[in-house]
Amino acid sequence: MPYVIEKAAVLGSGVMGSTIAAHLANAGIRSVVLDIVPRELTEAEQAKGLTLEHPAVRNRFAREALDRCLKTRPAPFFHPSLRSLIEVGNFEDDWDKVADADWIIEVVKEDLPIKKKILAQTAQHRRPGSIVTSNTSGLSIAAMSEGLDEEFRRHFLGTHFFNPPRYLKLMEIIPTSDTDAEVLETMVRFVDERLGKGVVIARDTPNFVGNRIGVFGMLEAIRAMDEIGLTVEEVDALTGPLVGHPKSATFRTSDLVGLDTIAAVAGNVYEGCPDDESRAAFEVPAPLQKLIAKGFLGDKSGSGFYRKTKGPGGKSVIQTLDLESLEYRDRQKARFAELEPVRNIDDLSERFPAILKTRGKASAFTWQTTSRVLVYAAQRVGEIADGPKPIDDAMKWGFGWELGPFEIWDALGFAETAARMKQDGLALPAWVETMLERDAPGFYRVEEGRLEVWDPSAGEFRPAPPEPGKTDLTLLERAGREVKSNPGASLVDLGDGILCLEFHSKMNAIGGDNLSMVAQAVDELEKNYDGLVVGNQGPHFSAGANLMLILLEAQEQNWEELDLMVRAFQRATMSLKFARKPVVCAPFCMTLGGGAEFTLHGQRVRASAELYIGLVEVGAGVVPAGGGCKELYLRNLEHSTGEGDLHTVLRQTFETIGMAKVSTSAVEARDLHFLRDADGITMNPDRLIEDAKQTALAMVRSGHRAGEPLREIPVLGRAGKASIEVALLNMAEGRFISEHDRKIGRKLAHILCGGDLTGTQTVSEQYLLDLEREAFVSLLGEPKTLERIQALLKTGKPLRN
């Protein structure tokens, strides 16, 4: 890279400034956070005898903002210890610290004069060659740097993080006509590789890309609600997961963002885009104006479209605003009988067209809002972005859409949808008319395993720009690189002698198809490949075992079949651990139960930074049986000081499994010993498969060998069991756990202590696997366990702590 970024200065410690600093720390970047100096002492400061000149007082705003980050959920930091990478200061005493920064990011109030003032001060104190950016959701980047010297302007651009910075993938980077090409390239690579973001290069237009389209869609939903006659709850039911959008949908998102903020963002376009043919759409709708006038601004004011209040017995309840009376009422469940047949269609590209084929208010609303957003997105190509893909990426990464606008259009049928739009009187831009004239099948196509996107300026399909280091398994499969496949898993040739075992069952739940493909993967590995990566590109690595299959067998009391299923699972995990060639697991997001067990048995792990891994089986009334108990015990044993530390090893392992602890990041997964210190972490999930492949190749070059199953694992026997059982008894008598929980705990202790052995002895891995299997099957004979599994299946959610 032409520039190196290892230290940053964050100017402003509000919600965005503090959480941006936290995410920089997640990436290992040291920073200093500056804010204004307080003008008054707090009561606590007065009680300590502090004065306005004391550093603790002068740096209070920045310090308190970062302290709040440690309490915020979801957590901005990967781990609380990363707070130590951030220094605090203020705008009067600490400009000298800005001079040390490689990257200076301004994150003050969304007010152009204030931003210009801070940037002018920055220009006086920064060192030449340092990169300066502004975090803004839509203000002009060029206007901010007007009047500043040429060297500053060459190193200046916009970087728009979406909130919360750790969790939302999108980063809009906005260069000006003065921005140096090397500076832009540096920021794109740094943000992608170090911060793990998806980068969209935006033009310097009001609200850039994501907010321009997203706010248009939000305002259209409010207008359509009024025209069609829907309630707040009904609109949220139609604009959430049903159409591939987040659960917060339209109005919960509005409350989170702030109704006044939405109005301000809309005003940016209305005032700044006089030539926008849909400018009138950015006039704030009457319902929104009424709420703002009454001070109903969303979460920041305690009330918006929804509010939280106390109900009977002091229990919190959510109420909804009636937009006619502007009074709050109890929430009403949205009911659309016509949608029942389509709700269970998992694939959004199939579900969306099915929604529009129904008859009723739901279909009318969905068509009206969707068609207008699609046309508006098409009209903005050439103004806010060069083509369809940046707009699709922005909406997926910044707003959590499953499909972007142009991907939705393709799913609905490009030509048919365009024809219906014209029937409704919607004007399509010239470049879309050109596509229709040339019989283009849509905005995207795949040719010989290569993604191609329609280029509006060229009037033809062009290959999507290559992205070295990023692997798309679907494109590899379409290029003929799929080696074997069944309904639950596939084998894909990654090239360079590395094979990928990809799960693709629902939620990547582990069943017979997955286990069968594991056996075939190991066979292929030993015959034809040098290394194996276990990974996929679904929403989650794996939610664990197929509970429905387990429940059905248990209800039929097919104990022998269940025993065989567990044996097959154990063979699969052990075959990966002791394969004669390198095996790398690439877990990400939810990696629970059986997914965690596969990860634990990987010879090496390359994990996504966003890793939520845990052995959570106790929540289903059972214990891990795929080797998870054994393997976590061994991990804790690796960190022990010797035989005298076995009680600590037992306690740590028992607590992690018994309390169903789940990491909140890959860094925390190391603390829990689901990851070893040698296991790598990837910030950008799009790079995970390639990074895992490179890890496997490095193992090949080093001559890595897995070794043999352990035969001398020290366990405590009855003495260890006794200590756990006393604790379980006390918890049961104190009503902290149920009798069934106590029974599960005793089974878990039996495994971890090696059964009823007298004194400390050594056992083999297979011995512990046998204990896991026996405990698992026996617990499935308990009615309480079956009740728990049934309850979990009703929720349709993965098992978590």
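Two strands count as paired when DSSP finds at least two bridges between them. Keep that in mind for the sheets below, and remember throughout that this is a predicted model.

## The seven-stranded sheet

Let's begin with a sheet of 7 strands, which is open and follows the order 15-16-17-18-19-21-23. Its pairing is mixed. At the edges stand strand 15 (482-486) and strand 23 (680-682), and each of these pairs on one side only. Averaged over the sheet and ignoring direction, neighbouring strands are turned by 20° against each other.

At one edge, strand 15 runs antiparallel to strand 16 (residues 489-495), and 4 bridges join the two. If you would like a pair to find on screen, take E482, whose bridge partner in strand 16 is V492. Helix 21 (residues 473-481) packs on this sheet, where it touches strand 15, strand 16 and strand 17 (498-503). The direction of helix 21 makes about 80° with that of strand 16.

## A sheet of three strands

Another open sheet has 3 strands in the order 9-10-11, and here the pairing is antiparallel. Strand 9 (306-310) and strand 11 (327-330) each have a single partner strand, so one side of each is left without a neighbour in the sheet. Neighbouring strands in this sheet are turned by 45° against each other on average, direction ignored.

Strand 10 (residues 316-322) and strand 11 run antiparallel and are joined by 4 bridges. Within this pairing, D322 stands opposite E327 in strand 11.

## A buried arginine in a loop

R166 is worth a look of its own. This arginine is found in the loop between strand 6 (156-161) and strand 7 (170-175). Its relative accessible area is 5%, so R166 counts as buried, the cut-off being under 20%.

What does R166 touch, leaving aside residues up to four places away in sequence? The contacts are H23, N26, A75, P76, F77, F78, K197, E610, Y612, T664 and S665. The side chain of R166 also makes a polar contact with the side chain of Y167, at 3.0 Å.

## Salt bridges across the chain

The model holds 60 salt bridges. One of them joins R380 to E277, with the closest N and O atoms 2.7 Å apart. This pair links distant parts of the chain: R380 belongs to helix 16 (residues 361-380), while E277 sits in the loop between helix 13 (259-272) and helix 14 (286-293), 103 residues apart. R380 has 4% relative accessibility and counts as buried.

A salt bridge also forms between R773 and D563, whose closest N and O atoms are 3.0 Å apart. R773 is in helix 32 (residues 765-779) and D563 is in helix 24 (residues 559-577), so this pair ties together parts that are 210 residues apart in sequence. R773 is buried, at 5% relative accessibility, whereas D563 is partly exposed, at 21%.

E638 and R676 form a further salt bridge, with 2.8 Å between the closest N and O atoms. Here E638 lies in helix 26 (residues 628-638) and R676 in the loop between helix 28 (666-671) and strand 23, so parts 38 residues apart in sequence are tied together. Both partners count as partly exposed: E638 has 46% relative accessibility and R676 has 25%. Elsewhere, salt bridges that share partners join R189, D192, E193, E467, K470 and R687 into one network.

## Nonpolar cores

Which members of the largest nonpolar core touch the most other members? Of its 109 residues, they are F305, I391, F406, W409, W431 and F443. Helix 10 (residues 210-228) supplies the largest share of this core, 10 residues.

W409 makes a handy starting point for exploring this region. Not counting residues up to four places away in sequence, W409 touches L374, A378, F414, T417, A418, M421, L428, V432 and F443. There is also a second, separate core of 102 residues, and its members include C500, A572, L637 and F654.

Definitions and conventions:
Residues numbered from 1 in each chain as written. Predicted model: local features only at pLDDT ≥ 70, side-chain atom pairs only at ≥ 80, totals over all residues. Heavy atoms only, no water. Axes fitted to C-alpha atoms, helices over the stretch in contact; angles between N-to-C directions. Contact = heavy atoms within 4.5 Å. Buried < 20%, exposed > 50% of the residue type's maximum accessible area, 1.4 Å probe, protein only. Polar contact = N/O pair within 3.5 Å; in protein donor to acceptor, adjacent residues only side chain to side chain. Salt bridge = Lys/Arg side-chain N within 4 Å of Asp/Glu carboxyl O. Core = buried A, V, L, I, M, F, W, Y, C linked by side-chain atoms within 4.5 Å.
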